[in-house]
Amino acid sequence: MTVTLADVAARARVSPATVSRVLNGNYPVAASTRERVLRAVDDLDYVLNGPASSLAAATSDLVGILVNDIADPFFGIMAGAAQTQIGGPGDGSGRAGGEKLAVICNTGGSPERELTYLTLLQRQRAAAVVLTGGAVENPEHQAAMAAKLAKLADAGTRIVFCGRPPLPEGDALVAALAFDNRGGGRRLTEHLISLGHRRIGYVAGPRERTTTRHRLEGHREALHAAGLGALAAEGDAGGTATGSGDRGNDDSLVVHGPYDRRSGYEATLELLRRAPDVTAIVAANDTVALGACAAVRDQGMRIPQDISVAGFDDLPFSVDAVPALTTVRLPLFEAGARAGRLAMGKENPPPGGIATIAAELMIRGSTAAPRG
């Protein structure tokens, strides 16, 4: 005999509507009532008819989490933290009570793939979508994103940005949790300047990413405030610089490349070739910094005695590098968990829907005063 929702309601001594609210997790229910309903579900071995219920509901039990690269700890930490909030209370009971199915969508950094996943999630009537990491600063892509997110929101999907700023246009978001990349970049370079560094190389991320621009802007602000002038030259990892600069100025050198170790290695070799007198290198993130450290050592130099190296993000391995990496800590797990709660409606959105998450400077052994 098939157990119905009405049978569960009778067993729990509540209305069928209350049972539905508990199982869908879309309405606050007293803890004692929720426990009674879930006990009845267990006792009767009731199974919610997912396909049938989703036909009647505005959204399904699916939540999409978009990441650039799940193998990158930056994204993996945020996605894992978000999933802890999306997957349910984590009480080990195995009972269904408002949980959602989190699906990780790996875009590979492709704007086209990002839009494709959003389309697929729209077709599945996803309950929520969490988009992590920096956004692509391309007007056409931004317009396409705004239009796609508006359609999702109109269908009842909750949209949360985690680690990226809101779009220039569009108000479809529940919330945007943006890291203070600019402030973190500024404080990191201020630290190097305070140690006495004047020739600071910078290995930046891809040009079109918001994260790249904001961190580089913070770096430049610190240089400008210290009277160190404009940037001497910019180029791409393994490529040719786009300007010659004035060697008489204590200006930084910037090379752009992907957020990976190989880019850090190749860009650092380029910086050392172009400016052998650099005394410090700032990397786009901790993974890039590992490549920078390898390049410095392969050139026969010591860290930090001959050259200082700094990263960004404070990924788990940064403290285990030798020497430990000076970096900027972003609370990735905390931000991911908050994004998950916002996606599930467990937490109220911040005022105006936008929250800036502070970055913390972590000073370790990879930076020191320059020699001489």
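The questions and answers below concern a predicted model and go through its sheet, cores, salt bridges, helix packing and backbone geometry.

User: Which strands stand at the edges of the open sheet of six strands, each with a single partner strand?
Analyst: The open sheet has six strands in the order 2-1-3-4-5-12, and their pairing is parallel. A strand with a single partner has one side left without a neighbour in the sheet, so the edges are strand 2 (101-106) and strand 12 (354-357).

User: By how many degrees are neighbouring strands of this sheet turned against each other on average?
Analyst: The sheet in question is the open one with the order 2-1-3-4-5-12. With direction ignored, its neighbouring strands are turned against each other on average by 15 degrees.

User: Which residue in strand 4 stands opposite alanine 128?
Analyst: Strand 3 (residues 128-132) pairs with strand 4 (residues 158-162) in the parallel sense, over five bridges. Within strand 4, the residue opposite alanine 128 is arginine 158.

User: At about what angle does helix 12 run to strand 4?
Analyst: Helix 12 (residues 332-344) lies across strand 3, strand 4, strand 5 (175-179) and strand 12. Relative to strand 4, the helix runs at about 170 degrees.

User: Which residues touch the most other members of the largest nonpolar core?
Analyst: Phenylalanine 179 has contacts that include Met78, Leu330, Ala335 and Ile357, with residues up to four places away in sequence not counted. Another core, of 20 residues, lies apart from the largest one and has Val203, Leu253, Ala267 and Ile307 among its members. In the largest core, which has 46 residues, those touching the most other members are Ile65, Phe74 and Phe179.

User: How many residues apart are arginine 215 and aspartate 313?
Analyst: The side chains of arginine 215 and aspartate 313 meet in a salt bridge, at 2.7 Å from N to O. Arginine 215 belongs to helix 9, whereas aspartate 313 is in the loop between strand 10 (308-310) and strand 11 (327-329), and the pair links distant parts of the chain. Both arginine 215 and aspartate 313 are buried, and their separation along the chain is 98 residues.

User: Which residues are linked with Arg213 and Glu217 in a network of salt bridges?
Analyst: Glutamate 217 and arginine 213 form a salt bridge whose closest N and O atoms are 3.0 Å apart. They are separated by about one helical turn because they are four residues apart in helix 9 (residues 210-225). Glutamate 217 is partly exposed at a relative accessible area of 23%, and arginine 213 is also partly exposed, at 31%. The other residues in their network are Glu137 and Arg182.

User: Are arginine 274 and glutamate 270 buried or exposed?
Analyst: Arginine 274 and glutamate 270 form a salt bridge with their closest N and O atoms 2.9 Å apart. Lying four residues apart in helix 10 (residues 261-274), they are separated by about one helical turn. In terms of accessibility, both residues are buried.

User: How are helix 1 and helix 2 oriented to each other?
Analyst: Helix 1 (residues 5-12) and helix 2 (residues 16-24) pack with their axes 8 Å apart and at an angle of about 100 degrees. Their contact is made by Leu5, Val8 and Ala9 of helix 1 together with Pro16, Val19 and Ser20 of helix 2. Angles of 65 to 115 degrees count as roughly perpendicular, and the two helices are therefore roughly perpendicular.

User: In strand 8, what is the bridge partner of glycine 201?
Analyst: Strand 6 (residues 200-204) and strand 8 run parallel and are joined by four bridges. Both faces of strand 8 (residues 253-256) are covered, with Leu253 and Val255 buried on one side and Val254 and His256 buried on the other. The partner of glycine 201 is leucine 253.

User: Where is proline 323 found?
Analyst: Most residues other than glycine have a negative phi, and most peptide bonds are trans. The peptide bond from valine 322 to proline 323 is nevertheless cis, with omega near -5 degrees. Proline 323 is found in the loop between strand 10 and strand 11.

User: Is arginine 13 buried or exposed?
Analyst: Arginine 13 has a positive phi of about 60 degrees, although it is not a glycine, and its place is in the loop between helix 1 and helix 2. With a relative accessible area of 64%, arginine 13 is exposed.

Methods:
Residues are numbered from 1 along each chain as its sequence is written. This is a predicted model: local features need pLDDT of at least 70, side-chain atom pairs count only at pLDDT 80 or more; totals for chains, interfaces and linings use all residues. Side-chain values use heavy atoms; hydrogens and water are left out. Two strands pair if DSSP finds at least two bridges between them. Axes are lines fitted to C-alpha atoms, for helices over the stretch in contact, and angles run from 0 to 180 degrees between N-to-C directions. Contact means heavy atoms within 4.5 Å. A nonpolar core is a set of buried Ala, Val, Leu, Ile, Met, Phe, Trp, Tyr and Cys residues joined through side-chain atoms within 4.5 Å. Buried means under 20% relative accessible area, exposed over 50%, partly exposed in between (1.4 Å probe, protein chains only). A salt bridge is a side-chain nitrogen of Lys or Arg within 4 Å of a carboxyl oxygen of Asp or Glu. Angles under 35 degrees count as roughly parallel, over 145 as roughly antiparallel, 65 to 115 as roughly perpendicular and the rest as oblique.
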